[in-house]
Amino acid sequence: EAILFIQNQLKSWIAGIRSKTALPLRIELWNGQHVDLSSEAPRVTIRLPTAASARYLLNPSLANLGSAYVEGNIEVKGTAQDMISICNALARNTLKPEGKLARIVRSFTHDKSKDAEAIRYHYDVSNAFYQQFLDPALVYSCAYFENGDETLAQAQVKKIDHILKKIQLQPGQTLLDIGCGWGALVIRAAQQYGARCVGVTLSENQYALARERVAAAGLAHLIDIRLQDYRDVTGQFDRITSVGMFEHVGLKHLPEYFSIINKLLAPDGMAMNHGITSTDPDNGETPYGGGEFIEKYVFPHGELAHIGNVLKTMQQGGLEVLDVENLRRHYARTCALWTENFEAHAEQIRPLAGERRFRIWHVYLAGCAYAFEQDLISLYQIVCVKAGRRASTLPWSRNYMYEKTVQPVPVLAA
C-alpha cells in the first residue's frame, strides 16, 4: 500500500514535469519499469533502487539529489554536464527558490584552526588526485583564455602572466602569494622577473610538492614556501597576490583580511585579489540547495561575497581599487575543461579518491561550470594599492597590462 502511494506520487510528479518541459531524462524504477520524460533519446538516467529513494525526486533540490547520488541512494548515468543541467531543470520546475532553497547567506565562525582544517579537507585529497584533471603546473584557479582557443595549460600560464603584468611586477621585487597552491605563480615570478617570493599555504600536500618543484627549478634562493597562515606573515612586500583563497576568509572577516594585506604591502606596492564572488547583491549562495551541497561535501565554511561587498571591504581595509576585471566566462571554460579531464581519467581517479569522493567531485566540477555559465557565481580580478597615494603615482590607463614586451630576467644562481 505504501509502495502504491509512492508510485502515484511519482506518476503525478512526472506528469507535472512533462507539462512544463521536455527533458532528455529516463527514470528507472525499482521494479524494472522506466519512464522517459521526453521523446528525445535520454542523455541522463536516474535509477531508483528502492521505492524509498523516490523521495529524492519528489523533492529534487540540488542538495537532496547531490547527496542521494554521493551516498549511493540513487544511481545516475550520463555526463556530469548533462546531469547538472537536468537536475537544475528538475529543481526549477518542481521547487520555489524560497526558504532554505533561496539565495540564503550562510555565516560560519572562522579561526586559524578551523580554517586550516577546512583547507586540509579540500586540498589534501592527494596530489595525484589533482594531477588527473588540472594542468601540469597544478594551477587550481580560473585560467585566462586570451583568444578562446588556448589549451588549459596555455591558459593557466597566460593567467599567471596576466596577473604579474597587472601588478606591474619589476625585476628583483619582493612578492607574497597568499594561498600559493603548488607554487606555479611564485615559480613563474622568479623565472620571469627574478622576483624574491614568499608563498604561504595551509595544505601540507601543497607545501611539500611546491618545495620540491622550487628546488627542481633551481629557485630555492629566490622562493620561500611556507606552511603558514597569512595572518602570521610579517614584514612588507612590493607586490601581493591572493588567487582563489579569499573564498575561505568569511564575510565578516573581509575587512580584517584586506587590512592585513594593507599592512603587508609596501607604501608604493600593488596587490591583486583574484576570487569567486556571489552574484546576489546580498551575498547569497546559489539557489535550490546548491550552496548547501557545497558546504556539506566540498568547501566547508566557504563564503562568497558580492563584488560590491568586496570593494567596500577593501576600502574599509585601507586599500584603493584601481582595476576590476570580470573573468566569469573564463572560469566557466576552466571548469568545463576540468570536468572533461576528470571524466577522461575516471578509471585512474576512482582508486585515488574512492567512489564517494569521486562522485562528490564529479558533480562539483560540472556544477561550478554550470553556475559560472548561468551567472549564479562570478570571478573577479581586483588590483589595488594603499589608499591615499598621490594621483601622480597611479597608471594613466590599462594599456600596460596588454603590452607584449616582457623579457625573461636571467635568474642568478644562489
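Guide: A residue counts as partly exposed when its relative accessible area falls between the buried class, under 20%, and the exposed class, over 50%. Please keep in mind throughout that the model is predicted.

Visitor: Into which class does E40 fall, and with what relative accessible area?

Guide: E40 has a relative accessible area of 40%, which lies between the two cut-offs, so E40 is partly exposed. Its salt-bridge partner is R43, with 2.8 Å from N to O, and R43, at a relative accessible area of 41%, is partly exposed.

Visitor: How should I read a salt bridge in general, and how many does the structure hold?

Guide: Side chains of opposite charge can pair when their charged atoms come close. The structure holds 16 salt bridges. One of them joins the side chains of R26 and D36 at 2.7 Å, N to O, and this pair links distant parts of the chain, since R26 belongs to strand β1 (residues 25–28) and D36 to strand β2 (residues 34–36), ten residues apart. R26 is partly exposed, with a relative accessible area of 22%, and D36 is likewise counted as partly exposed at 22%.

Visitor: Which residue forms a salt bridge with E355, and how far apart are the closest N and O atoms?

Guide: The partner of E355 is R359, with the closest N and O atoms 2.9 Å apart. Because E355 and R359 are four residues apart in helix α15, about one helical turn separates them. E355 counts as partly exposed at 36% relative accessibility, whereas R359 counts as buried at 9%. Salt bridges with shared partners bring E75, R350, E355 and R359 together in one network.

Visitor: R350 belongs to that network; over which ring does its charged end sit?

Guide: The charged end of R350 sits over the ring of F358, 4.0 Å from the ring centre. Another arginine in such an arrangement is R333, whose charged end sits over the ring of F145 at 6.0 Å from its centre.

Visitor: Turning to the aromatic rings, how many aromatic pairs does the structure hold?

Guide: There are 20 aromatic pairs in the structure. For the geometry, the angle between the planes is what to read, with edge-to-face meaning over 60 degrees. F129 and F342 form an edge-to-face pair, with 6.2 Å from centre to centre and 80° between the planes, and they link distant parts of the chain, F129 being in helix α6 (residues 127–131) and F342 in helix α13 (residues 328–344), 213 residues apart. F129 and F342 are both buried. In the pair of Y331 and W338, the ring centres are 6.0 Å apart and the planes stand at 80°, so this pair is edge-to-face; both of these residues are buried.

Visitor: Which residues do the ring pairs link into a cluster?

Guide: The cluster includes F129, F342, Y331 and W338, and F358, the ring beneath the charged end of R350, is also among its members. Others in the cluster are Y130, F133, Y140, W182, W361, Y364 and F372.

Visitor: For the backbone, where is L138 placed, and what is its phi?

Guide: L138, a residue other than glycine, has a positive phi near 60°, and its place is in the loop between α6 and α7 (152–166). With a relative accessible area of 3%, L138 is buried. D375 is not a glycine either, and has a positive phi of about 65°; D375 is found in the loop between α15 (355–373) and β11 (377–386). With a relative accessible area of 39%, D375 is partly exposed.

Methods: Residues are numbered from 1 along each chain as its sequence is written. This is a predicted model: local features need pLDDT of at least 70, side-chain atom pairs count only at pLDDT 80 or more; totals for chains, interfaces and linings use all residues. Side-chain values use heavy atoms; hydrogens and water are left out. Rings of Phe, Tyr and Trp (its six-membered ring) pair if their centres lie within 6.5 Å; planes under 30 degrees apart count as stacked, over 60 as edge-to-face and the rest as tilted. Helices (H or I, at least four residues) and strands (E, at least two) are DSSP runs, numbered from the N terminus. Buried means under 20% relative accessible area, exposed over 50%, partly exposed in between (1.4 Å probe, protein chains only). A charge sits over a ring if NZ of Lys or CZ of Arg is within 6 Å of the ring centre and within 35 degrees of the ring normal. A salt bridge is a side-chain nitrogen of Lys or Arg within 4 Å of a carboxyl oxygen of Asp or Glu.
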